[in-house]
Amino acid sequence: MLVHPIEVLLVEDDPGDVLMTKEAFEEHKLGNRLHVVSDGVEALRFLRREGEFADVPRPHLILLDLNLPRKDGREVLEEVKNDADLAHIPVVVLTTSEAEEDVLRSYRLHANAYVPKPVDFDQFIKVVRQIDDFFVTVVRLPKG
């Protein structure tokens, strides 16, 4: 089976988590392209291809932190899922919050998965790889 690389948008403001996610993708050698923005406003501009993001590819998958500057991840999730042009893109909430209200609200806003970030480096890498594996080899994503 031929696996085409997928475009992944990581919305994350913690440079350490960005670095670990990049490492997990690079070590996995799947050739998926990871794009990174650091706040909710940038995320929506990227997704809508506005301004400096006019020529970026539409992502096949979004990895979204909840606690973001400028526009919270919950707001980003709600806007994405209420936008007819973006609603089909799977969103995996990848966050440090394990609060039940965040889990519930994320699913009510139609997140495709809610994954608490492990604090341990090796576990974090493993979780990101599992997300990547699932969406690349198990799930069929829309072409965008």
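1. A residue counts as buried when its relative accessible area is under 20%, and Phe46, at 4% relative accessibility, therefore falls in that class. The model under discussion is a predicted one, and the points below should be read with that in mind.

2. The ring of Phe46 is also the place to begin with aromatic contacts, for the count of aromatic pairs comes to one, and that pair is formed by Phe46 and Phe53, whose ring centres are 5.4 Å apart and whose planes meet at 55°, so that the arrangement is classed as tilted because such an angle is neither under 30 degrees nor over 60. The partner ring belongs to a residue that is buried as well, since Phe53 has a relative accessible area of 11%.

3. Turning to the nonpolar interior, the largest core holds 24 residues, and those with the most contacts inside it are Val11, Val37, Leu47, Ile62, Leu64, Leu77 and Val80. At least two residues of this core are supplied by each of β1 (7-11), α2 (40-47), β3 (61-64), α3 (73-81) and β4 (91-95), while the largest share, four residues, comes from α2. Apart from this core lies another, of 20 residues, which includes Phe25, Ala113, Phe124 and Ile125.

4. Leu77 deserves a separate look: when residues up to four places away in sequence are not counted, Leu77 touches Leu64, Val91, Val93, Ser106, Leu109 and Ala111.

5. Asp65 sits in the loop between β3 and α3, and it is the residue that UniProt, in an unreviewed entry, lists for "modified residue: 4-aspartylphosphate". In the model Asp65 is buried, because its relative accessible area is 4%. Residues up to four places away in sequence being left out, the contacts of Asp65 are with Val11, Glu12, Asp13, Gly73, Leu94, Thr95, Thr96 and Lys117.

6. Which residues does Lys117 contact, leaving aside its neighbours within four places in sequence? They are Glu12, Asp17, Asp65, Leu94, Thr95, Thr96 and Phe124. Lys117 itself is placed in the loop between β5 (113-116) and α5 (121-138), and its relative accessible area of 9% makes it buried. The side chain of Lys117 also makes a polar contact, at 2.5 Å, with the side chain of Glu12.

7. Taken together, the last two points describe a pair of loop residues, Asp65 and Lys117, that touch each other, with Glu12, Leu94, Thr95 and Thr96 appearing among the contacts of Asp65 and also among those of Lys117.

Key. Residues are numbered from 1 along each chain as its sequence is written. This is a predicted model: local features need pLDDT of at least 70, side-chain atom pairs count only at pLDDT 80 or more; totals for chains, interfaces and linings use all residues. Side-chain values use heavy atoms; hydrogens and water are left out. A nonpolar core is a set of buried Ala, Val, Leu, Ile, Met, Phe, Trp, Tyr and Cys residues joined through side-chain atoms within 4.5 Å. Buried means under 20% relative accessible area, exposed over 50%, partly exposed in between (1.4 Å probe, protein chains only). Contact means heavy atoms within 4.5 Å. A polar contact is a pair of N or O atoms within 3.5 Å; within protein, one must be able to donate a hydrogen and the other to accept it, and residues adjacent in sequence count only if both atoms are side-chain atoms. Rings of Phe, Tyr and Trp (its six-membered ring) pair if their centres lie within 6.5 Å; planes under 30 degrees apart count as stacked, over 60 as edge-to-face and the rest as tilted. UniProt positions are given in the numbering used here, feature names are shortened, and annotations may be inferred rather than shown by experiment.
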